[in-house]
Amino acid sequence: RLGSLSIFLASLQGLIVAIELKDDSEICGMLEEVDNSLNLTLHNARLTDSKGNIIESEKIYINGTKIRFVHIPPEVKPAASVSAYIKKVEKIHIRSKPNPIKNTNKRLASDNGCSVSEDES
C-alpha cells in the first residue's frame, strides 16, 4: 500500500538493517521481505538477545508487533529510496495488466449496436 510505512521498509529490501525489538534484543541482517503488517524476513541474520547471547540464522521472521525500531543504513535517502521502489512496482504492475486494446473491434461494434460474428474477425 502506497500510503503506509511498509512501502518505505519494502524500499530497503536487499539492504542490511538492524531491527531493535521490544524485548531489548536486536537482529541484524539483509531485509528480504516486508508485508503490510510490517512483518519482516531477514536473511543471514544475527540475533543478539538482551543478555548479549548471539544466535545466527540463515533466515528469520520478525512479527511486526514486536518491533521497536528499524535502524537503516546511513547512506539511505528515504525519499529517493521510496520513489525508486514505487517506479519499480509500477513497471511490474503495468506489465502484468491485460492489454486493454485486445478485442477492441468486437467491443466497439457491439457498443454501436452492430453484431460481429466470430467468422468475421
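Modeller: Start with the vocabulary. Helices are DSSP runs of H or I with at least four residues, strands are runs of E with at least two, and both are numbered from the N terminus. This is a predicted model.

Biologist: In what order do the elements of the protein chain run from the N terminus on?

Modeller: The order is α-β-β-β-β-β-α-α. That comes to 3 helices and 5 strands.

Biologist: What pLDDT does the protein chain average?

Modeller: pLDDT is the predictor's confidence in each residue, from 0 to 100. Here the average is 80, and 74% of the residues score at least 70. Residues 100-121 are a separate matter: their pLDDT is below 50. Beyond near neighbours in sequence, that stretch has 7 contacts in the model.

Biologist: Now the sheet. What is the order of its strands?

Modeller: Read across the sheet, not along the chain. The order is β4-β3-β2-β1-β5. The sheet is open, and the pairing is antiparallel.

Biologist: Which strands stand at the edges?

Modeller: β4 (54-62) and β5 (67-71) do. Each has a single partner strand, so one side of each lacks a neighbour in the sheet. On average, neighbouring strands are turned by 30° against each other, direction ignored.

Biologist: Over how many bridges do β3 and β4 pair?

Modeller: Two strands count as paired if DSSP finds at least two bridges between them. Strand β3, residues 40-48, and β4 pair over 8 bridges, in the antiparallel sense. For one position to look at, take His43: it stands opposite Lys59 in β4.

Biologist: Next, the backbone. Where is Leu38 found, and what is its phi?

Modeller: Leu38 is in the loop between β2 (26-34) and β3. Its phi is near 65°, a positive value in a residue other than glycine. Leu38 is partly exposed, at 23% relative accessible area.

Biologist: And Asn44: is it buried or exposed?

Modeller: The cut-off for exposed is over 50% relative accessible area. Asn44 has 55%, so it counts as exposed. Asn44 lies in strand β3. Its phi is also positive, about 50°, although Asn44 is not a glycine.

Biologist: What about Ser37 in terms of place and exposure?

Modeller: Ser37 sits in the loop between β2 and β3. It is exposed, with a relative accessible area of 52%. Ser37 and Ser4 are 33 residues apart in sequence, yet their C-alpha atoms are 9.7 Å apart in space.

Biologist: On to the interior. Which residues touch the most other members of the largest nonpolar core?

Modeller: In soluble globular proteins, nonpolar side chains tend to be buried together. Here the largest nonpolar core has 21 residues. Leu12, Ile19, Ile27, Leu31, Leu40, Leu42 and Ile62 touch the most other members. The elements giving two or more residues to this core are α1 (5-10), β1 (16-21), β2, β3, β4 and α2 (78-96).

Biologist: Which residues is Leu12 in contact with, leaving aside neighbours within four places in sequence?

Modeller: Val17, Leu31, Ile72, Val76 and Ser81.

Biologist: Finally, the whole chain. How much of it counts as buried?

Modeller: 28% of the 121 residues. The protein chain exposes about 8700 Å², and carbon and sulfur atoms supply 53% of that area. Look at contacts too. Among those with a separation of 6 or more, 42% join residues 24 or more positions apart.

How values were computed. Residues are numbered from 1 along each chain as its sequence is written. Side-chain values use heavy atoms; hydrogens and water are left out. Axes are lines fitted to C-alpha atoms, for helices over the stretch in contact, and angles run from 0 to 180 degrees between N-to-C directions. Buried means under 20% relative accessible area, exposed over 50%, partly exposed in between (1.4 Å probe, protein chains only). Contact means heavy atoms within 4.5 Å. Accessible areas come from the Shrake-Rupley method with a 1.4 Å probe; for residues, only the protein chains shown count as cover. A nonpolar core is a set of buried Ala, Val, Leu, Ile, Met, Phe, Trp, Tyr and Cys residues joined through side-chain atoms within 4.5 Å.
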